[in-house]
Amino acid sequence: MVDSQAYFAAGLKTLSWFASLHQSGSSKLEWIHTTIRHPLFEPPFMKTSLNNKRVAILAADGFEQVELQEPLNALKQAGAEVSIVSPKKGSILGMNHLEKGDEFDVDISLDIANAEDFDALLIPGGLVNPDTLRSDVQAVDFVRNFADAGKPIAAICHAPWVLIEAGIIEGRTLTSWPAIKSDIRNAGGEWIDSEVVVDQGLVTSRKPDDLKAFNAKVIEEIAEGIHSGMAVSSR
């Protein structure tokens, strides 16, 4: 809960600060630019908190690095506990398009991971990563368990390949890297070209350029909690 007295005091200080800016001769444009970046305009109740939320990032070697790293950082900044889950133990290799990227430590091996321990799932793209995951029975079951429980799932780029294999695409609207739109349509999904699409807790985006919108919607859907329309059994 926001402390109203402290917030009022902060408001008075801010008004004084505005006055000092005006008296200092700052141009109107500079004044507005500085004003909108003041903390008062980002109050606690305007920020989405994921405190006490646990998020699994399912990935294998060959994931697009920025599609794992940026969501991971955004989720942690929102207060979530994030774990990288993988069929491979130890570490997994990211890719920067066609170039090798960095190694990321695996927090939980897929063979001991349990969807019941998490509030949401995120799958980064790349080409090799989702192809590996959709060929792994445990990975596909792990994804399906989130859907059955109505928990938010986020997938970007080629990651919807894994959703197709899990059987949770039919009747849903989503997006992806354009090259796999026929795969989505053939699986019964409706593909649209948009930076981010949300369908009953399922969040999808096309590419790294969409990450800002993707991350924002992922956090929003996780904060909302269980989505009954996500469950495979409801479709």
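Student: Over which residues does pLDDT stay under 50, and how many contacts beyond four places in sequence does the model have for them?

Tutor: This is a predicted model, and pLDDT is the predictor's confidence in each residue. Here pLDDT stays under 50 over residues 26-46, and for that stretch the model has 22 contacts beyond four places in sequence. Across the protein the average pLDDT is 86, with 78% of the residues scoring at least 70.

Student: How many helices and strands does the protein have, and what share of its residues is buried?

Tutor: The protein has 8 helices and 12 strands, and buried residues make up 46% of its 235 residues. If we take the contacts with a separation of 6 or more, 66% of them are accounted for by residues 24 or more positions apart.

Student: How should I read a nonpolar core, and which residues have the most contacts inside the largest one?

Tutor: The general idea is that in soluble globular proteins nonpolar side chains tend to be buried together. In this structure the largest nonpolar core has 33 residues, and Leu58, Phe142, Val143 and Ile153 are those with the most contacts inside it. At least two residues of this core come from each of strand S1 (54-58), strand S7, helix H5 (137-148), strand S8 and helix H6 (160-166). Helix H5 gives the most to this core, with 6 residues. There is also a second, separate core of 29 residues, which includes Leu50, Leu68, Val106 and Ile222.

Student: What does Val143 touch, leaving aside its neighbours within four places in sequence?

Tutor: Val143 is in contact with Leu58, Leu121, Ile123, Ile153, Val162, Leu163, Ala166 and Ile168. Two of these partners, Leu58 and Ile153, are also listed with Val143 among the residues with the most contacts inside the largest core.

Student: Where might empty space be left, and how many cavities of 30 Å³ or more does a search of the whole structure find?

Tutor: Rolling a probe the size of a water molecule over the atoms shows where empty space is left. In this case the search of the whole structure finds 1 cavity of 30 Å³ or more, and about 40 Å³ of space lies in the largest cavity. Its lining includes Val55, Leu121, Ile153, Glu221 and Ile222. Strand S7 (120-123), strand S8 (153-156) and helix H8 (211-224) each supply at least two residues of that lining, which by class has 10 nonpolar, 1 polar and 1 charged residues.

Student: How much space lies in the largest pocket, and which residues of its lining are the closest to its centre?

Tutor: A cavity is closed to the probe, whereas a pocket is open. About 290 Å³ of space lies in the largest pocket of this model. The pocket is lined by 14 residues, of which Glu64, His97, Gly126, Leu127 and Cys157 are the closest to its centre. By class, the residues of this lining divide into 7 nonpolar, 4 polar and 3 charged.

Student: Is His97 buried or exposed, and where is it found?

Tutor: A residue counts as exposed when its relative accessible area is over 50%. His97 has 63% relative accessibility and therefore counts as exposed, and His97 is found in the loop between strand S4 (91-96) and strand S5 (99-105). The phi of His97 is near 60°, a positive value in a residue other than glycine. Gln200 also has a positive phi, near 50°, and sits in the loop between strand S11 (197-199) and strand S12 (202-205). At 40% relative accessibility, Gln200 counts as partly exposed.

Student: Is Leu202 buried or exposed, and which residues does Leu202 touch, not counting those up to four places away in sequence?

Tutor: Leu202 lies in strand S12 and counts as buried because its relative accessible area is 1%. Leu202 touches Ile153, Leu163, Arg172, Val197 and Met230.

Student: How far apart in space are Asn51 and Ala80, C-alpha to C-alpha?

Tutor: Position along the chain and position in space should be read separately, and this pair is a good place to practise. Asn51 and Ala80 are 29 residues apart in sequence and 5.4 Å apart in space, C-alpha to C-alpha. Asn51, in the loop between helix H2 (28-35) and strand S1, touches Ala78 and Gly79 if residues up to four places away in sequence are not counted.

Technical notes:
Residues are numbered from 1 along each chain as its sequence is written. This is a predicted model: local features need pLDDT of at least 70, side-chain atom pairs count only at pLDDT 80 or more; totals for chains, interfaces and linings use all residues. Side-chain values use heavy atoms; hydrogens and water are left out. On a 1 Å grid over the protein atoms alone, a cavity is a set of points where a 1.4 Å probe fits but cannot get out, and a pocket is an open set with protein on both sides within 12 Å along at least five of seven lines; lining residues have an atom within 4 Å of a point. Grid points are joined across faces, edges and corners, and a volume is the space filled by probe spheres set on the points. Helices (H or I, at least four residues) and strands (E, at least two) are DSSP runs, numbered from the N terminus. Ala, Val, Leu, Ile, Met, Phe, Trp, Tyr, Cys and Pro count as nonpolar, Asp, Glu, Lys and Arg as charged, and the others, Gly among them, as polar. pLDDT is the predictor's confidence in each residue, from 0 to 100. Contact means heavy atoms within 4.5 Å. A nonpolar core is a set of buried Ala, Val, Leu, Ile, Met, Phe, Trp, Tyr and Cys residues joined through side-chain atoms within 4.5 Å. Buried means under 20% relative accessible area, exposed over 50%, partly exposed in between (1.4 Å probe, protein chains only).
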